[in-house]
Amino acid sequence: FLFANKAFMRATGRKDQDLPQFPSDLVITEDKGPLADAVRRYAKGAASSGDMAVRLINEPEEPVSIGIAGIRGIGDAAVLLSLSDSTEEK
């Protein structure tokens, strides 16, 4: 992680904490591997985006949608992550 806005930190339950070292540090054990694989794939591949359902450590019973986008053209390859809370939609 290089940066996270306040809303992302609040949504991941890390409002008063530092950024984690890896995105997979935000999710439950069962979701760590799939999220790490997806981040690697988007970091190495062509500029593209997608999303996947994950369960955050702070809310393991409520899956959230995490958007993953491979970003190119700004120096080193980067990955942009975004969270969508669909609680209201349910």
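Is Phe-8 buried or exposed in this structure? In this model, which is predicted, Phe-8 counts as buried, since its relative accessibility is 11% and the cut-off for buried is under 20%. Phe-1, by contrast, counts as partly exposed at 31% relative accessibility. The count of aromatic pairs comes to one, and that pair is made by the rings of Phe-1 and Phe-8, whose centres are 6.0 Å apart and whose planes stand at 55°, so the pair is tilted.

## The sheet and the helix across it

A reader new to the structure may begin with the strands. Three of them form an open sheet in the order β1-β2-β3, and the pairing is antiparallel. β1 and β3 (78-84) stand at the edges, each with a single partner strand, so one side of each has no neighbour in the sheet. On average, and with direction ignored, neighbouring strands of the sheet are turned by 25° against each other.

The two pairings can be followed residue by residue. β1 and β2 run antiparallel and are joined by six bridges, and across this pairing Gly-50 stands opposite Ile-68 in β2. β2 and β3 also run antiparallel, with seven bridges joining them; here the bridge partner of Ala-69 is Leu-80 in β3, while Ser-65 has Ser-84 in β3 as its bridge partner. β2 is mostly covered, six of its eight residues being buried. As a general point about such strands, side chains in a regular strand alternate between the two faces of the sheet.

Helix α2 lies across β1, β2 and β3, and runs at about 175° to β1.

## The nonpolar core

The largest nonpolar core has 16 residues, and the members that touch the most other members are Val-27, Leu-35, Met-52, Val-54, Ile-66, Ile-68 and Leu-81. At least two residues of this core come from each of α1 (6-11), α2 (29-44), β1 (49-54) and β2 (64-71), and α2 gives the most, with four residues.

Val-54 illustrates how such a member is surrounded. When residues up to four places away in sequence are not counted, Val-54 touches Val-27, Asp-31, Glu-62, Pro-63, Val-64 and Ile-66. Two of these, Val-27 and Ile-66, are themselves among the core members that touch the most others.

## Charged pairs

Side chains of opposite charge can pair when their charged atoms come close. In this model the count comes to two salt bridges, which are set out below.

| Salt bridge | Closest N to O distance |
|---|---|
| Arg-55 with Asp-31 | 2.9 Å |
| Arg-40 with Asp-37 | 2.6 Å |

The pair of Arg-55 and Asp-31 links distant parts of the chain, with Arg-55 in the loop between β1 and β2, Asp-31 in helix α2, and their positions 24 residues apart. Asp-31 is buried, with a relative accessible area of 10%, whereas Arg-55 is partly exposed, with a relative accessible area of 29%. Leaving aside neighbours within four places in sequence, Asp-31 is in contact with Val-54 and Arg-55, so that this acidic residue, which counts as buried at 10% relative accessibility, touches a member of the nonpolar core as well as its salt-bridge partner.The pair of Asp-37 and Arg-40 lies within one element, as both residues are in helix α2, three residues apart, or about one turn of the helix. Asp-37 counts as partly exposed at 40% relative accessibility, and Arg-40 is likewise partly exposed, with a relative accessible area of 45%. Arg-40 also has a place in the wider arrangement of the chain: Arg-40 and Gly-70 are 30 residues apart in sequence, and their C-alpha atoms are 9.4 Å apart in space.

Note on methods. Residues numbered from 1 in each chain as written. Predicted model: local features only at pLDDT ≥ 70, side-chain atom pairs only at ≥ 80, totals over all residues. Heavy atoms only, no water. Core = buried A, V, L, I, M, F, W, Y, C linked by side-chain atoms within 4.5 Å. Buried < 20%, exposed > 50% of the residue type's maximum accessible area, 1.4 Å probe, protein only. Contact = heavy atoms within 4.5 Å. Pairing = 2+ DSSP bridges. Axes fitted to C-alpha atoms, helices over the stretch in contact; angles between N-to-C directions. Salt bridge = Lys/Arg side-chain N within 4 Å of Asp/Glu carboxyl O. Phe/Tyr/Trp six-rings, centres within 6.5 Å; stacked < 30°, edge-to-face > 60°.
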